[in-house]
Amino acid sequence: MSTKAQVRFATREEGQSFNSHPDAIHAQFYVHSDGYPEGLGLDIAKSILDNVSVGYGWEIEHVQTLHGDLEYIYYVWSDYDKETWISIFECHPFSNQISECIFVGTPEKLIETYSQTENE
């Protein structure tokens, strides 16, 4: 499947909402396929929880690179001595519509939410 996504890494900072895009990110990867939450989302969550490989197909990008074909943007929010959270934004490829936040939560919550969706 050719569901394109970006995975961005941001610092958890006081006052920053998890359901809005941060002003700054530290790293960014472009994912060429299987970027939907039931695929890539679960892979990210399981990697954070179990230290397992996320798989292949990730391309390191400059933090200012933008794509018009993205269907999802993921943020991995972390900082020292703080729990890691994940946000997922659904995009509207090749349009000027702003992406919509469809998930905010811990890796455990992501697995719970999207594993159920996968089994329905």
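Here are three short exercises on the aromatic pairs and nonpolar cores of this predicted model.

**Exercise 1.** Work out how the rings of F103 and Y114 are arranged, and where the two residues sit.

*Solution.* Start with the tally: the model has eight aromatic pairs. For F103 and Y114, the ring centres are 5.9 Å apart, and pairing asks for centres within 6.5 Å. Next, check the angle: the planes stand at 65 degrees, and over 60 counts as edge-to-face, so that is what this pair is. Now place the two residues: F103 belongs to strand β6 (residues 100-105) and Y114 to helix α2 (residues 107-119), so the pair links distant parts of the chain, eleven residues apart. Last step: F103 and Y114 are both buried.

**Exercise 2.** Find the residues that ring pairs link into a cluster.

*Solution.* Hop from ring to ring and you collect F18, Y75, W77, W85 and F89. Keep Y75 and F89 in mind, as they turn up again in a core of ten residues, along with A10 and L70.

**Exercise 3.** Take apart the largest nonpolar core and look at what L110 touches.

*Solution.* First, the size: this core has 15 residues. V7, L40, I44, Y74, I88 and L110 have the most contacts inside it. Then sort by element: β1 (5-11), α1 (37-50), β4 (72-78), β5 (85-90) and α2 each chip in at least two residues. Helix α1 gives the largest share, four residues. Finally, zoom in on L110: skipping neighbours within four places in sequence, its contacts are P37, G41, L42, A45, I86, I88, F103 and S115. The ten-residue core with A10, L70, Y75 and F89 is a second, separate one.

Key. Residues are numbered from 1 along each chain as its sequence is written. This is a predicted model: local features need pLDDT of at least 70, side-chain atom pairs count only at pLDDT 80 or more; totals for chains, interfaces and linings use all residues. Side-chain values use heavy atoms; hydrogens and water are left out. Rings of Phe, Tyr and Trp (its six-membered ring) pair if their centres lie within 6.5 Å; planes under 30 degrees apart count as stacked, over 60 as edge-to-face and the rest as tilted. Buried means under 20% relative accessible area, exposed over 50%, partly exposed in between (1.4 Å probe, protein chains only). A nonpolar core is a set of buried Ala, Val, Leu, Ile, Met, Phe, Trp, Tyr and Cys residues joined through side-chain atoms within 4.5 Å. Contact means heavy atoms within 4.5 Å.
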